[in-house]
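Here's a quick tour for someone who likes to check geometry by eye. Keep the viewer open and follow along.

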Amino acid sequence: MEIIIKERDNKGFALATKDDKRAGTMTYSIAGADHIIIDHTEVDPEFKGQNIGKQLLYKIVDMAREKNIKITPLCPFANAMFKKNEDIQDVLR
């Protein structure tokens with residue numbers, strides 16, 4: 001599994017690929033120099049049940065920690081993950 005993060009203008013996303021297939025995407029908006037808003041998570045049906053969404057979120061959380069950014073999770077999946085996993089709540093806004 002490879003996960004990359006790309007940003008362009010005021011948008012960004014984490015993209016998960018496995019065997020050259022898109023497994024999932026998590027998108028976010030850049031709301032300022034120290035704030036992003038996760039707005040959507042999508043996992044390809046072929047990869048359901050493989051924790052792709054969680055891996056995407058943790059990749060973005062790692063990036064947020066490196067850049068000292070706080071996250072607002074508008075996406076229902078990301079919001080639920082933040083409530084459930086205390087180990088990532090340090091980047092929660």
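What follows covers the strands, the salt bridges, a couple of buried residues and the biggest pocket. Keep in mind that this is a predicted model.

**Strands and hairpins**

Let's begin at the N-terminal end. Strand β1 covers residues 2-8, and strand β2 covers residues 11-18. The two run antiparallel and are joined by 7 bridges. If you want a pair to click on, I4 stands opposite L15 in β2. The hairpin of β1 and β2 has 2 residues between the strands, and D9 there takes a positive phi near 55°.

Next comes β3, at residues 21-32. β2 pairs with β3 in the antiparallel sense, this time over 8 bridges. K11 has S29 in β3 as its bridge partner. This hairpin also leaves 2 residues between its strands, and D19 in the turn shows a positive phi of about 55°.

β4 spans 35-43. β3 and β4 are antiparallel too, with 8 bridges between them, and they make a hairpin with 2 residues in between. At this pairing, G32 sits opposite H35 in β4.

While you're looking down the strands, one rule helps with reading them: in a regular strand, side chains alternate between the two faces of the sheet.

**Salt bridges**

How many salt bridges does the structure hold? The count is 5. Three of them are listed here, with the N to O separation for each.

| Salt bridge | N to O distance |
|---|---|
| E7 and K67 | 3.9 Å |
| K21 and E46 | 3.1 Å |
| D62 and R65 | 3.8 Å |

Take the E7 and K67 pair, whose side chains meet at 3.9 Å. E7 belongs to strand β1 and K67 to helix α1 (residues 52-67), so this salt bridge ties together parts that are 60 residues apart in sequence. Both ends get some solvent: E7 is partly exposed at 41% relative accessible area, and K67 is partly exposed at 46%.

The K21 and E46 pair comes in at 3.1 Å, N to O. It also links distant parts of the chain, with K21 in strand β3 and E46 in the loop between β4 and α1, 25 residues apart. K21 is partly exposed, with a relative accessible area of 41%, and E46 is partly exposed as well, at 47%.

The D62 and R65 bridge, at 3.8 Å between the closest N and O atoms, is a local affair. Both residues are in helix α1, and because they are 3 residues apart, about one helical turn separates them. D62 is partly exposed at 38%, and R65 counts as partly exposed at 36%. There's a further partner here: salt bridges that share partners join D62, R65 and D90 into one network.

**Two buried spots**

Is H35 buried or exposed? The H35 side chain belongs to a residue of strand β4, and H35 is buried, with a relative accessible area of 10%. The H35 side chain makes a polar contact with the side chain of T72, at 2.6 Å. If you're setting up protonation states, that's the pair to have on screen when you look at H35.

The other one is V91, in the segment after α2. V91 is buried, at 3% relative accessibility. V91 and I69 are 22 residues apart in sequence, yet their C-alpha atoms are 6.9 Å apart in space.

**The largest pocket**

Finally, the pocket. The largest one has a volume of about 190 Å³. Its lining has 13 residues, and those nearest the centre are V43, I52, G53, K54 and F77. Which elements give two or more residues to the lining? They are β4, α1 and α2, the last of these at 76-84.

By class, the lining of the largest pocket is made up of 5 nonpolar, 5 polar and 3 charged residues.

Technical notes:
Residues numbered from 1 in each chain as written. Predicted model: local features only at pLDDT ≥ 70, side-chain atom pairs only at ≥ 80, totals over all residues. Heavy atoms only, no water. Salt bridge = Lys/Arg side-chain N within 4 Å of Asp/Glu carboxyl O. Helix = DSSP H or I, 4+ residues; strand = E, 2+ residues; numbered from the N terminus. Buried < 20%, exposed > 50% of the residue type's maximum accessible area, 1.4 Å probe, protein only. 1 Å grid on protein atoms, 1.4 Å probe; cavity = no way out; pocket = protein on both sides within 12 Å on 5 of 7 lines; lining within 4 Å. Points joined across faces, edges and corners; volume = space filled by probe spheres on them. Nonpolar A, V, L, I, M, F, W, Y, C, P; charged D, E, K, R; others polar. Pairing = 2+ DSSP bridges. Polar contact = N/O pair within 3.5 Å; in protein donor to acceptor, adjacent residues only side chain to side chain.
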